[in-house]
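Hi everyone, thanks for coming. I'd like to walk you through a structure today, so have a look at the screen.

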Amino acid sequence: MTTASLESTFVSAVKLLGGESVLQAQPRGDLDWIPLVRQGLPAASVDALVRITRITQSELARALAIPERTLARRKREGALSPEESAKFVRLARVLERAETVFEDLENALNWLQSPNAALGGVTPLSLLDTDIGAESVLDTLGRIEHGVFA
């Protein structure tokens, strides 16, 4: 990924997580996300992601390996834990990358939710609970973008 494409990823990830009004910040690069993740994203970020992607909270909880009851409790408390926040930021960044590759949010969401042979027959969304899984998804998106299907 080029620096320019990384920058656009961050801006869109902000939007997916509720924008500046929810995040109370405008992260523009990797280092700008660190304090947000460390303090915990506002729980309203979950609602924003659900609203924009139409992935249910239950599906997100399962995909990110966060118990639904924990997400419900975080919404009452008002903030996600740092670990949960990192998973949501990772998902938002991967989703933006997929949208860039497929040039459409709907197509990106369909791809993320469909079994993929290059990823061992599982859905890309199901791999986003780990860094290694997310890297594999991003690598696959890079291959698609460049027409490399080894």
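**Helices and what they touch**

Let's start with one helix pair: on the α7 side we have V94, L95, A98, E99 and F102, and they meet L105, N107, A108, L109, W111 and L112 of α8. Sorted by class, this contact of α7 with α8 has nine nonpolar residues, one polar and one charged. Before I go on, please keep in mind that this is a predicted model.

How do we talk about a pair like that? Two packed helices are described by the angle between their axes and by the distance between the axes. For α7 and α8, the angle is about 115° and the axes are 8 Å apart. The crossing in which α7 passes α8 is right-handed.

Now stay with α7 and turn to α9. Their axes come within 10 Å and cross at roughly 10°. Angles under 35 degrees count as roughly parallel, so α7 is roughly parallel to α9. On the α7 side, the contact is made by R90, V94, R97, A98, V101 and F102. Facing them in α9 are D131, A134, V137, L138, L141, G142, I144 and E145. What classes do we find in the contact of α7 with α9? There are nine nonpolar residues, one polar and four charged.

The third pair is helix α3, residues 30–39, with helix α7, residues 82–102. Here the axes come within 8 Å, and the crossing is at roughly 140°. That angle makes α3 oblique to α7. From α3, the residues in the contact are D30, W33, V37 and R38, and from α7 they are P82, S85, A86, V89 and R93. By class, the contact of α3 with α7 divides into five nonpolar, one polar and three charged residues.

Okay, on to the core. In soluble globular proteins, nonpolar side chains tend to be buried together. In this model, the largest nonpolar core has 37 residues. Which residues have the most contacts inside it? They are L17, W33, L41, F88, L128 and V137. The elements giving two or more residues to this core are α1 (3–16), α3, α4 (44–53), α5 (57–63), α7, α8 (105–112) and α9 (131–146). And which element gives the largest share of this core? That's α7, with eight residues.

Let's zoom in on L128, one of those with the most contacts inside the core. If we don't count residues up to four places away in sequence, L128 touches A63, L64, R90, L91, V94, A134 and V137.

Next, a serine: S12, found in helix α1. Is S12 buried or exposed? The cut-off for buried is under 20% relative accessible area. S12 has 14%, so S12 is buried. Leaving aside neighbours within four places in sequence, S12 is in contact with E96 and E99. You've met E99 already, as one of the α7 residues that meet α8.

Now for residues that sit far along the chain from their partners. V22 is in helix α2, residues 19–23. V22 and S45 are 23 residues apart in sequence, and in space they are 6.8 Å apart, C-alpha to C-alpha. Setting aside neighbours within four places, V22 is in contact with L17, P42, A44 and S45.

S45 comes up again with G78: those two are 33 residues apart in sequence and 10.0 Å apart in space, C-alpha to C-alpha. Where is G78? Look in the loop between α6 (68–77) and α7. With a relative accessible area of 36%, G78 is partly exposed. Apart from neighbours within four places in sequence, G78 is in contact with L41, P42 and A43.

Last stop, two backbone angles. R54 is not a glycine, although its phi is positive, about 60°. You'll find R54 in the loop between α4 and α5, and at 56% relative accessible area, R54 is exposed. A65 isn't a glycine either, and has a positive phi of about 55°. A65 lies in the loop between α5 and α6, and with 44% relative accessibility, A65 counts as partly exposed.

That's my tour. Who wants to start the discussion?

Terms used: Residues numbered from 1 in each chain as written. Predicted model: local features only at pLDDT ≥ 70, side-chain atom pairs only at ≥ 80, totals over all residues. Heavy atoms only, no water. Axes fitted to C-alpha atoms, helices over the stretch in contact; angles between N-to-C directions. Helix = DSSP H or I, 4+ residues; strand = E, 2+ residues; numbered from the N terminus. Parallel < 35°, antiparallel > 145°, perpendicular 65-115°, else oblique. Contact = heavy atoms within 4.5 Å. Nonpolar A, V, L, I, M, F, W, Y, C, P; charged D, E, K, R; others polar. Core = buried A, V, L, I, M, F, W, Y, C linked by side-chain atoms within 4.5 Å. Buried < 20%, exposed > 50% of the residue type's maximum accessible area, 1.4 Å probe, protein only. Left-handed = near helix turned anticlockwise from the far one by under 90°.
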